[in-house]
Amino acid sequence: MPIRGDDAPLRGSYKGEYMYLSKEEEKNLSGEEGEPVAEAIDYMVKFGEAFDAERLLDIVYVHYPAEMAIYEGSVEDLMEYAEKRPKVSVPTTSSTLCMDLDQWKAMGVPEELAIKQMEVVRPHKEMGVLGTYTCTPYLLGFIPPKDSYIASVESSAVIYYNSMLGAWTNRGGILTKYSAVCGKYPEMGYMLKENRKGTHLFRIEVEKENLQTFLDYNLLGIHVGSIVGSEVPVLDGIRTQKQEHIIGMGATLATSGSVSLYHIPGITAEANTIEDAFHGDCPKETFMVDVNDLNEARNQVSTIDGGKVDFVLLGCPHYNLGQLRGVALMLQGKKIAKGVKLWVCTNRMTKLAAEWQGYAQMIEAAGGRVVCDSCPVESHMRSSTCKSYGLPTPYIEVMATESGKMARYVKDLIGCETLLIDRKNCIKAALKGRWGE
Ligand code: F3S
């Protein structure tokens, strides 16, 4: 148990008083476990002070911030930090980079950018950060126990951990790296039970036939997220058993709003009933959701109805092996239209499995590419990066995708038009180079 000993360091404030620190935390803060641990815990105490946290929590897992070379100073900061020889103290996976570490040349990444991005691999290894480079680490088996505390970056991962697995996390930022080193996080935000209570009730009255694809669940997430912002929606009336639906919906909830936690009674980790979800209280507001809301959500994000397509993106969030298989079967014996790029994004471990099964080869035989470590909006295709490296802007003209999150970001970050259509139609668009005519 944390203590508030008389000899506790005069650090932290809890509502004007000192933050509780355990004896072990005091020792670590004073440098007994070395300078990197002392620095890391010092950051956590200061962070906690700023948010009136009462104590630090032991965390069991970290999803580590992306250190992408497209962000100025990001790689340099990591290199400088790594010189202090920090080591992670809990299992730590890494989020996406700005390119596929193996295929960057064939994908048109400028060499200067690629060389800089590759520099992160060595310090990550030395620190003990696992080179997963993905937004879906839970698909690789990083599944903390229910009610455990973790520290995660990447909004689509945060919402999955909080909601589906019931592992408690805030939306981590750059300070998450210090959590990895000291194994601590302040008790604040979604680490407090009272903040995990549902706020708004959504009664889903969409007919079964209109709520069955990955895209349909993405549209639902766009709609609900745009209403609740950063609060905690409770969705009643969803019966999906498919993990990909939940992943897609969570990603758009976190994008159109900034939702980090939601409940679906009977499906998510912390609510068997609507009463559970609201901790016995009443919702602030109740909304009915029908198919018109989903159509409206698509119209909000899709910038065109059809026509020429030069890029098709699947795998946002990063696909699992089953999804790769589905795409491989759809492409079997077919050829993608000339001038069209099809990317299917995943992590490198799942790609290895897809190669072992022959699915990656099937996608590539059709002219597609299984991309690891990254995705278009995190890549050299960003307009700002194109301008810095003398690449054409926009890098692509029209992207077709089934992902509401990707569609929402590409217009601003890449500057292309967006066509939000389901997976089958994405494949059709890739084969024809057009859609809707
Ligand atoms: Fe992942 Fe990129 Fe989408 S990081 S969630 S594939 S925007």
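**Exercise 1. Identify the residues nearest the centre of the largest pocket, then place the pocket among the domains.**

Step 1. The lining of the largest pocket has 31 residues, and S95, E154, S155, E378 and K405 lie nearest its centre. A pocket here is an open set of points on a 1 Å grid over the protein atoms alone, with protein on both sides within 12 Å along at least five of seven lines; lining residues have an atom within 4 Å of a point.

Step 2. This is a predicted model: local features need pLDDT of at least 70, side-chain atom pairs count only at pLDDT 80 or more, and totals for chains, interfaces and linings use all residues. Residues are numbered from 1 along each chain as its sequence is written, and side-chain values use heavy atoms, with hydrogens and water left out.

Step 3. Take the volume. The largest pocket holds about 590 Å³ of space. A volume is the space filled by probe spheres set on the grid points, which are joined across faces, edges and corners.

Step 4. Sort the lining by class: 16 nonpolar, 10 polar and 5 charged residues. Ala, Val, Leu, Ile, Met, Phe, Trp, Tyr, Cys and Pro count as nonpolar, Asp, Glu, Lys and Arg as charged, and the others, Gly among them, as polar.

Step 5. Find the helices. α6 (155–165) and α16 (404–413) each supply at least two lining residues. α16 gives the most, with 4 residues. Helices (H or I, at least four residues) and strands (E, at least two) are DSSP runs, numbered from the N terminus.

Step 6. Place the pocket. Domain 2 (58–194) and domain 4 (302–435) both give residues to its lining, so the largest pocket lies between them. Domain bounds come from an automatic or database domain assignment.

**Exercise 2. Locate the ligand and describe its shell.**

Step 1. The ligand sits in the largest pocket. To sit there, more than half of its atoms must lie within 2 Å of the pocket's grid points.

Step 2. Of the 13 residues around the ligand, C135, C316, C375, E378 and K405 come nearest. A residue is near if one of its heavy atoms lies within 4 Å of the molecule.

Step 3. The shell divides into 6 nonpolar, 4 polar and 3 charged residues.

Step 4. Domain 2 and domain 4 both give residues to this shell, so the ligand lies between them.

**Exercise 3. Characterise the second largest pocket.**

Step 1. The second largest pocket has about 260 Å³ of space.

Step 2. Its lining has 15 residues, with T213, F214, K242, E244 and R423 nearest the centre. Two or more residues come from each of α8 (214–228), α9 (243–256), α12 (321–331) and α17 (423–432). α12 gives the most, 4 residues.

Step 3. The classes are 3 nonpolar, 6 polar and 6 charged.

Step 4. Domain 3 (197–299) and domain 4 (302–435) each give at least three residues to this lining.

**Exercise 4. Find the enclosed space and list its lining.**

Step 1. Search the whole structure: 1 cavity of 30 Å³ or more turns up. In a cavity a 1.4 Å probe fits but cannot get out.

Step 2. The largest cavity has a volume of about 30 Å³. C98, M99, D100, M107, V109, W343, V371, S374, S379 and H380 line it.

Step 3. By class, this lining has 6 nonpolar, 3 polar and 1 charged. Domain 2 and domain 4 each contribute at least three residues.
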